[in-house]
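These are my notebook entries on a structure that I looked up for helix packing and aromatic contacts.

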Amino acid sequence: MNKLHLVIEREFTTRLRKKSFWVMTFVMPILIIGLGFVPAAVSSINEVDQQQVAILDHTGRYASLFEGNDSDSYRFVRVDRPLDSLRSEASQEAITAILEIRDDLLKDPKAISLFSFKQLPQGLETYINEVLSRHLTEEKIRSYNIPQLQEAIQESQVQLHVSTYKWGESGDVDTSSSTVASIIGVGLSFFSYLFMMTYGGMVLQGVLEEKKNRIVEVIISSVRPQELMLGKIIGIGLLGIVQIAIWAILFFVGAQIAQAFFQSEAIGGTSFLSQATTFFAVLQGVNFAKILIFFILFFVGGYLFYASILAALSSLVSSDEEASQMMMPVVLLLIFSMYAGMGSVDNPDGTLAFWASFCPLTSPVVMMVRLPYDVPLWQPLLSLAILYITVFLTSALAGKIYRTGILMYGKKPSMREVWRWITYRQ
């Protein structure tokens, strides 16, 4: 493989020089951070016309609870007309919904209905339930005729927030937070999924482009097919490592700047300052060096595994449509890995998290969720050993498929032919 380094250099430098790589390297973190603020920003500007809700209260006991307590989206109006006449107004969209209360709700909780001609948003139903539930609870408490029972119940409600700490190996104590750990775990699993999808897709597109343009026929004349496949995978993978390193530096610098900013006395609001100080105290207790090393190792293993599969699959097809069909099972596996990782956040030592973090199909994503929870060192090491053994076997099989498939055009080979390529010995 004396020409392998030439293929690696070509794949790496060609893509490194593209402006799109550097644009996405520095723009993507801003976009990801921005996505976290988009829901709040959209909800703040999502202004809608205030809609009218008619209250037909046959008991006369509950309509006053809503009058004067209009929300930004709904205005409640008491009416005394029959339900049939209100229905005609609702059909003309003069009234959005009709709330009918037929009897004492403490005696008959089902004596209430909400009518409309279209599917109502959940917010209206939730608001009505909260208002009436709170009022009925107060009435129920007063029915016991115990002096100052309401005040005693309110005073007995206690909001407790337990402070969590983590012992280090030397006996020192660091502030910890399961919320911060889950955020880090989910973020790592997302980036692992994103990187494998992005750079695995680059391998697929690169192989397919060379095959469609017949460039591969010229390259194969001076480079063995296995060298070409391996060089392409390694070159593109090195590009991913460079991007990870840049993002890690940006994160470290950004965290230092943010910590200095929040700890400044110019920050107003002691509660906000306290929350920011606690957050950065928790981050200081996280072993980011260990997490980053394992992240890179799992990314490399997962990338090599999926990129080998995609390189072999792309060598079997000659069009973008066929390549998309071939890539779909791989995408579904990665999506399943992402969902398995999300499901492991609440119980990182559970059965799903444990076994999924050792399966090569899911371990590059699921193990990222478990790393911030200080899993025993033998588990990520064993997972890496299984992953890299699988990578060795998968790349060997992929190389045999790629060797023949990259030079085939026209008819797509059958599974029997592919199996013959794999079992063929030179």
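The entries below go from the whole chain to one helix pair and then to the aromatic rings.

**Entry 1, the chain.** I note at the outset that this is a predicted model. I counted the elements of the protein chain and found 15 helices and 6 strands. I then looked up burial: 38% of the 426 residues count as buried. For the contacts with a separation of 6 or more, I recorded that 71% join residues 24 or more positions apart.

**Entry 2, helices α10 and α14.** Two packed helices are described by the angle between their axes and the distance between the axes. I therefore looked up both values for α10, residues 288-314, and α14, residues 378-405: the axes come within 8 Å and cross at roughly 20°. Angles under 35 degrees count as roughly parallel, and α10 and α14 are therefore roughly parallel to each other. I entered the crossing of α10 past α14 as left-handed. Which classes of residue make up the contact of α10 with α14? I found 18 nonpolar and 7 polar residues there, and no charged ones.

**Entry 3, the aromatic pairs.** I searched the whole structure for aromatic pairs and obtained 17. I took up Phe 76 and Tyr 127, whose ring centres lie 5.7 Å apart with the planes at 25°. Planes under 30 degrees apart count as stacked, so I classed this pair as stacked. Phe 76 belongs to strand β2 (residues 74-78) and Tyr 127 to helix α4 (residues 122-142), so the pair ties together parts that are 51 residues apart in sequence. I also checked accessibility: Phe 76 is buried at 5% relative accessible area, whereas Tyr 127, at 23%, counts as partly exposed.

I next examined Phe 305 and Tyr 306. Their ring centres are 5.0 Å apart and their planes stand at 80°. Planes over 60 degrees apart count as edge-to-face, so I entered the pair as edge-to-face. Are Phe 305 and Tyr 306 buried or exposed? Phe 305 has a relative accessibility of 5% and counts as buried; Tyr 306 is buried as well, at 1%.

**Entry 4, an aromatic cluster.** Which residues form one aromatic cluster? I listed Phe 190, Phe 191, Phe 195, Tyr 199, Trp 247, Phe 295, Phe 299 and Tyr 303 as its members.

Terms used
Residues numbered from 1 in each chain as written. Predicted model: local features only at pLDDT ≥ 70, side-chain atom pairs only at ≥ 80, totals over all residues. Heavy atoms only, no water. Axes fitted to C-alpha atoms, helices over the stretch in contact; angles between N-to-C directions. Helix = DSSP H or I, 4+ residues; strand = E, 2+ residues; numbered from the N terminus. Parallel < 35°, antiparallel > 145°, perpendicular 65-115°, else oblique. Left-handed = near helix turned anticlockwise from the far one by under 90°. Nonpolar A, V, L, I, M, F, W, Y, C, P; charged D, E, K, R; others polar. Phe/Tyr/Trp six-rings, centres within 6.5 Å; stacked < 30°, edge-to-face > 60°. Buried < 20%, exposed > 50% of the residue type's maximum accessible area, 1.4 Å probe, protein only. Contact = heavy atoms within 4.5 Å.
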